[in-house]
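Work through these exercises with the sequence and the 3D view side by side. Try each task before reading its solution.

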Amino acid sequence: MPALTLDALLRNLKKGQQAPEPVYLLHGDEEVLKDEAVRALVQSAVGSDRDFNLDLRYAADLTPESFHALVNTPPMFAERRAVVVRGVEQVGKRKTKLRDELLRYLAAPSPTTVLVLVVAAGEESDAELARLCATVLVEPLAADRVPRWLQHHASTVGVTLEPAAAELLLGAVGADLATLARELEKLASLTAGTRAVTAGDVTSLVGVRRGETIFDLVHAALERRAAHAARLVEPVLEQAGMSGVKILSLLGTHLVGTAVARAERDRGANAARLPEVVFRQLLAARPYGLRGYKEEAAHWSKWSALWTAAELGQALRAALAADNALKSATVSDDRGIVTQLVLGFAKLDQEAA
């Protein structure tokens, strides 16, 4: 059975030049895109006939007998039926009668059923099951593809985003597709498709104002405007889905990127070409949660001139200590821990002076 990327799967389904595979196994860490893949597979398999020809189940709720009945039931007034089973990682963790039944089916699947098996994020797919399926790896989107995904998903829920609104929403949420999807649903309820969503709508409903996003906080910290960064901690933490751990995760990524740029400077890289050098390293690593890679490479290159390698090492150690404090404290003071960290960058600056 073939191994596919999500892009390849969607291209194949869009062309419609061949029948879908009898069994697909979706695995990887991006749940929102898995849901999109499931919808595309169901649409390809049964189209508008889903009322009588679609079953959605969780593996934990199935017995060998119920699974056998699901996948071998003939379609009603249609060419095919679809069966979606989530939580398949539970089946592969131990030898069970259900697993044996699934393996028997995969060896000779029904030609009139499209079976979609979904493995939860953070779980490994069973190698024996995967060998008998068309596997689809669903990974987080590259940073430069998130704005296009946002506009596409907005259109599917009946939302039109003004450019300033899209920019503000991305600045607040970043590449977290699940949070972006939730906020779009709120905005859809607000406008009801009668008008475009404005930056003011995002401010009032999502709770973020221009200049007070998590990226604004990180930029101020890396630019060593520590007092300004400290003032942003409270309004950023008040935003939906935000936490001190999330701030530190993004801050740590940018510290590491700036350290990479600083190392290239110290190796004698041409300052004018430094963003290109850093961009190539970004493409190789593809870290999660960033915006456009070219944009971030330019920022890291600029910020690297404000830090020495030793200062960046010290800042990274301080960020790690803050992260540990947030995760280990019985009653976590996110605001105090993050504020103390970013103010420490100013202290480093003063000591360096």
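Buried means under 20% relative accessible area, exposed means over 50%, and partly exposed lies in between (1.4 Å probe, protein chains only). Helices (H or I, at least four residues) and strands (E, at least two) are DSSP runs, numbered from the N terminus. The model is predicted: local features need pLDDT of at least 70, side-chain atom pairs count only at pLDDT 80 or more, and totals for chains, interfaces and linings use all residues. Residues are numbered from 1 along each chain as its sequence is written, and side-chain values use heavy atoms, with hydrogens and water left out.

**Exercise 1. Take stock of the whole chain.**

Task: find how many helices and strands the protein chain has.

Step 1. Count the elements: there are 18 helices and six strands.

Step 2. Take the extent. The C-alpha trace spans about 75 × 50 × 45 Å along its principal axes.

Step 3. Check burial. Of the 353 residues, 47% count as buried.

**Exercise 2. Read strand β2.**

Task: decide which residues of β2 point one way and which the other way.

Step 1. Locate β2 at residues 23–27; five of its five residues are buried.

Step 2. Recall the general pattern. In a regular strand the side chains alternate between the two faces of the sheet.

Step 3. Sort the residues. V23, L25 and H27 point one way, Y24 and L26 point the other, and all are buried.

Step 4. Find the partners. Two strands pair if DSSP finds at least two bridges between them. Four bridges join β2 to β5 (residues 113–118), and the two run parallel. Four bridges also link β2 with β6 (residues 134–137), again in the parallel sense.

Step 5. Pick out facing residues. V23 stands opposite L115 in β5, and L26 stands opposite V136 in β6.

**Exercise 3. Put the sheet in order.**

Task: state the order in which the six strands form an open sheet.

Step 1. Write the order: β1-β6-β2-β5-β4-β3, with parallel pairing.

Step 2. Look at the edges. β1 (3–5) and β3 (54–58) each have a single partner strand, so one side of each is left without a neighbour in the sheet.

Step 3. Add the twist. Axes are lines fitted to C-alpha atoms, for helices over the stretch in contact, and angles run from 0 to 180 degrees between N-to-C directions. With direction ignored, neighbouring strands of this sheet are turned by 20° against each other on average.

Step 4. Inspect β4 (residues 81–86). β4 pairs with β5 in the parallel sense over six bridges. R86 stands opposite V118 in β5.

Step 5. Add the helices. Contact means heavy atoms within 4.5 Å. Helix α2 packs on the sheet and touches β2, β3, β4 and β5; its direction makes about 160° with that of β4. Helix α1 (residues 6–15) lies across β1, β2 and β6, at about 90° to β1.

**Exercise 4. Trace the cores.**

Task: find which helix gives the most residues to the largest nonpolar core.

Step 1. Fix the term. A nonpolar core is a set of buried Ala, Val, Leu, Ile, Met, Phe, Trp, Tyr and Cys residues joined through side-chain atoms within 4.5 Å.

Step 2. Size it up. The largest core has 49 residues, and L9, W149 and L161 are among those with the most contacts inside it.

Step 3. Name the helix: α2 (residues 31–46) gives the most, with eight residues.

Step 4. Look for another. A second, separate core has 41 residues, including I247, L290, A322 and F345.

**Exercise 5. Follow the salt bridges.**

Task: find which residue forms a salt bridge with D35.

Step 1. Set the rule. A salt bridge is a side-chain nitrogen of Lys or Arg within 4 Å of a carboxyl oxygen of Asp or Glu. By this rule the count comes to 22.

Step 2. Find the partner. D35 pairs with R86, the closest N and O atoms being 3.1 Å apart. D35 lies in helix α2 and R86 in strand β4, so the pair ties together parts that are 51 residues apart in sequence.

Step 3. Compare another pair in α2. K34 forms a salt bridge with E31, with closest N and O atoms 3.0 Å apart. K34 and E31 are three residues apart in the helix, separated by about one helical turn. K34 is buried at 0% relative accessibility, whereas E31 is partly exposed at 31%.

Step 4. Go to α1. D7 bridges to R145 at 2.9 Å between the closest N and O atoms. D7 is in α1 and R145 is in the loop between β6 and α8 (146–156), 138 residues apart.
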